[in-house]
Number of protein chains: 2
Amino acid sequence: MKELNPPQILLLGPGPSNVSYRVLRAMSTPPLGHMDPRFMALMDDVCQMLRDTFQTENQMTFPVSGTGSAGMEATFVNTLEPGDKAVVCINGVFGTRMADVAGRCGAEVITVEGEWGQPLDVQKIVETLKANPDAKLCAIVHAETSTGVLQPIAELGQFIKGTDTLFLVDTVTSLGGVDLQVDNWNIDVSYSGTQKCLSVPPGLSPVTFSPKAVEVIQNRATKVQSWYLDLSMLMNYWGGDRLYHHTAPINMIYGLREGLGIIAEEGLAARQERHSTAAAYLGAALTDMGFSFFAAEGHRLPPLTSVFPPEGMDVEGVRKELLTDYDIEVGAGLGPVAGKIWRIGLMGENACVQKANVLLGAIRDFI
Amino acid sequence: MKELNPPQILLLGPGPSNVSYRVLRAMSTPPLGHMDPRFMALMDDVCQMLRDTFQTENQMTFPVSGTGSAGMEATFVNTLEPGDKAVVCINGVFGTRMADVAGRCGAEVITVEGEWGQPLDVQKIVETLKANPDAKLCAIVHAETSTGVLQPIAELGQFIKGTDTLFLVDTVTSLGGVDLQVDNWNIDVSYSGTQKCLSVPPGLSPVTFSPKAVEVIQNRATKVQSWYLDLSMLMNYWGGDRLYHHTAPINMIYGLREGLGIIAEEGLAARQERHSTAAAYLGAALTDMGFSFFAAEGHRLPPLTSVFPPEGMDVEGVRKELLTDYDIEVGAGLGPVAGKIWRIGLMGENACVQKANVLLGAIRDFI
């Protein structure tokens, strides 16, 4: 076996983003046992830092031992039971995936669909919820990684607050990078990922459940279909009686702790501002070079800029050359815009003018 | 936030075991993107090394992006459909967990139960299978981490080979530490963990599926209830068309690659011999000090020695003092032997006389 020696890539795709050396060093710390009281104390610290980042006081806030899609599954399997109604909003890959996951829980899935690249019409969602007051949850993606659209959700949360429905929000590409206020926006359930704006390697999915959601889960008539993701048992490991459930991915949690510590040092507001500034700089320069935006004006997601390259550019060819000849990764389009757009992430560590400049310099070689 | 600086613990419990510095260094390598062709090549290498370690030619061999229990769930949710019959053998915590997971898949679970600390009666299992020729699978634990019993399984595999039933085996605490021959023993489905005899931190679960199992999965009438663990999609990411499914836990896979490389260098047979030698040494010394074995003679699992401390010793008190005053972790008993036994792991890096000596020296202070 050859020694591990991958090239050093500037990760400007839809995630993973580049990771701070501090996080990488933390991950290489020899592990404690998963039942060691000192590891338990560290788990508590991680949960509190996650609460601060989600802007919530939800007790049930912790990282699921899997990647973002495991977090998605954890939120649906715990809240839904067979026969429940789930309203799922779709304007990209991850809304589509949520509908698939909800269906696998045996739910009756009612979709509210919108155009890729456009935000969903909140009024249309509210009307669907009014027509389905028995919906167990309403699920929406805050930051659609497949399109680069930032969805306004506060108004929708305000409406759902007064109903029996749970408000479930995908925050995979917004947590730590754009304004996200779980409590103020009345979000009941949310899942995220570590490899986007947190700049921690993939492998954990921060989740949070409001007291309203926990009550719904505690009153389930049926067992959660996933043992691994069953919140009633996870609650007893991450809090409560500290009962053994599964062996936590200790070194990943070391890395997450360090990443969250870096965010706390910088401050959430400053970090969000840094993402916005970098995205504005990149967007202006790309426009000057003949690129045009895919995501609707006023709804662009700062951590992820989706653009149509200038007429005549070999969209996929240049993207591949950026990787092979410049060690720069940029994301491809998916679904209806496969081969048509690039998805450029300036996330976490990479949300800065310097990294944007490196990419812009490389692109100029193809203009 | 204080700098991460956990004490250095000698991990002689039921896992995690201590990790080689080579593995820790590999894990701190800056990540490639999960769709980068060079990461895909690395994935192929990891799958091949896993095949070598499982002693199988199964194409469908890869690490699930979660800990051992996620691997358990992956094997059951893919093979079982609602209404299927599942024969599950139980003589400890992990057999019990398998039955729970199978039930959550909507299966009719038929259990074959045995005493904790004793191997299961193979003849009794065969009779149960003869009475249930329509059983979709027969699940058994090769190395029961809760009791330290090594279950003979080759004869059972020989019987199941001629039937329509799938042979599903938990190899969490056997892979890389004791003789395990997936193909020769006719094992159709197996899952393991990284944090035991592989000496890689927890976070991944190696799994393998035989062509017979893959055929059963391809002929399913219903969708797999877990999106995250759906083999039909995972197959397309780990092999086949390389379609994006979820973001792989890249740095964990770097660590696994290094751990498997270390095993390849040592050689599987030499590694198993090392585990046996260390366990025999530890067992003899403990016997001299008045300890007695919990697991039945002839069925003791070398990586994990389960013992009753000598009469009069404060079982839990001494175990806690070993952790606080000697930085040595030893596992507690579970279920019917909670507070009665210790579970001592000499796994992976720790399967050597030196580590046994450190523990024995500490124990002498309490005799």
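Me: A residue is buried if 20 or more other C-beta atoms lie within 10 Å of its own, and exposed if 12 or fewer do. By that rule, is Gly203(B) buried or exposed?

Reply: Keep in mind that this is a predicted model. Gly203(B) has 33 C-beta neighbours inside 10 Å. The bar is 20 or more, so Gly203(B) counts as buried.

Me: Where in chain B is the place of Gly203(B)?

Reply: Look for strand S9 (189–191) and strand S10 (205–209) of chain B. Gly203(B) belongs to neither strand, and its place is in the loop between S9 and S10.

Me: Leaving aside neighbours within four places in sequence, which residues is Gly203(B) in contact with?

Reply: There are partners on both chains here. From its own chain, Gly203(B) touches Thr67(B), Thr194(B), Pro249(B) and Met252(B). From the other chain come Gly203(A), Pro249(A) and Met252(A).

Me: How far apart in space are Gly203(B) and Glu108(B)?

Reply: In sequence, Gly203(B) and Glu108(B) are 95 residues apart. In space, going C-alpha to C-alpha, the gap between them is 30 Å.

Me: What kind of axis relates the two copies?

Reply: Two copies of a chain are related by a rotation about an axis and a shift along it. Here chain B can be laid on chain A with an RMSD of 0.0 Å, using a turn of 180 degrees and a shift of 0.0 Å along the axis. The copies are therefore related as by a two-fold rotation axis.

Me: What percentage of the contact residues of chain B recur in chain A?

Reply: The same surface serves both copies. The share of chain B's contact residues that recur in chain A is 100%.

Me: Which helix gives the largest share of the side of chain B that touches chain A?

Reply: In the meeting of the chains, 57 residues of chain B are in contact with 57 residues of chain A. The elements of chain B that give two or more residues to its side are helix H1 (21–27), helix H3 (68–79), helix H4 (93–104) and helix H9 (250–266). The largest share is 8 residues, and it comes from H9(B).

Me: How do the residues on the side of chain B that touches chain A divide by class?

Reply: Think of three bins: nonpolar, polar and charged. That side of chain B fills them with 26 nonpolar, 21 polar and 10 charged.

Me: Two of the helices on that side also pack against each other. Are H3(B) and H4(B) parallel or oblique?

Reply: Their axes come within 9 Å and cross at roughly 45 degrees. Angles under 35 degrees count as roughly parallel, and 65 to 115 as roughly perpendicular. This crossing falls in neither range, which makes H3(B) to H4(B) oblique.

Me: Which residues of H3(B) and H4(B) make the contact?

Reply: The crossing of H3(B) and H4(B) is right-handed. On the H4(B) side, the contact is made by Arg97(B), Met98(B), Val101(B) and Ala102(B). On the H3(B) side, the residues are Met72(B), Glu73(B) and Phe76(B).

Me: How are H10(A) and H12(A) oriented to each other?

Reply: Helix H10 (residues 268–288) and helix H12 (residues 353–364) of chain A pack at an angle of about 20 degrees, with their axes 9 Å apart. The limit for this class is under 35 degrees, so H10(A) and H12(A) are roughly parallel.

Me: How many residues of the contact of H10(A) with H12(A) are nonpolar?

Reply: H10(A) brings Ala278(A), Tyr281(A), Leu282(A) and Ala285(A). H12(A) brings Val353(A), Ala356(A) and Leu360(A). None is polar and none is charged, and the nonpolar count is 7.

Me: What is the peptide bond from Gly15(A) to Pro16(A), cis or trans?

Reply: Most peptide bonds are trans. Pro16(A) is found in the loop between strand S1 (10–12) and helix H1 (21–27) of chain A. The bond from Gly15(A) to Pro16(A) has omega near 5 degrees, and it is cis.

Me: What is the phi of Ser199(A)?

Reply: Most residues other than glycine have a negative phi. Ser199(A), found in the loop between strand S9 (189–191) and strand S10 (205–209) of chain A, has a positive one. Its value is near 55 degrees.

Note on methods. Residues numbered from 1 in each chain as written. Chains lettered and ligands numbered in written order. Predicted model: local features only at pLDDT ≥ 70, side-chain atom pairs only at ≥ 80, totals over all residues. Least-squares fit on C-alpha atoms with pLDDT ≥ 70 in both. Contact = placed C-beta atoms within 7 Å. Helix = DSSP H or I, 4+ residues; strand = E, 2+ residues; numbered from the N terminus. Nonpolar A, V, L, I, M, F, W, Y, C, P; charged D, E, K, R; others polar. Axes fitted to C-alpha atoms, helices over the stretch in contact; angles between N-to-C directions. Parallel < 35°, antiparallel > 145°, perpendicular 65-115°, else oblique. Left-handed = near helix turned anticlockwise from the far one by under 90°.
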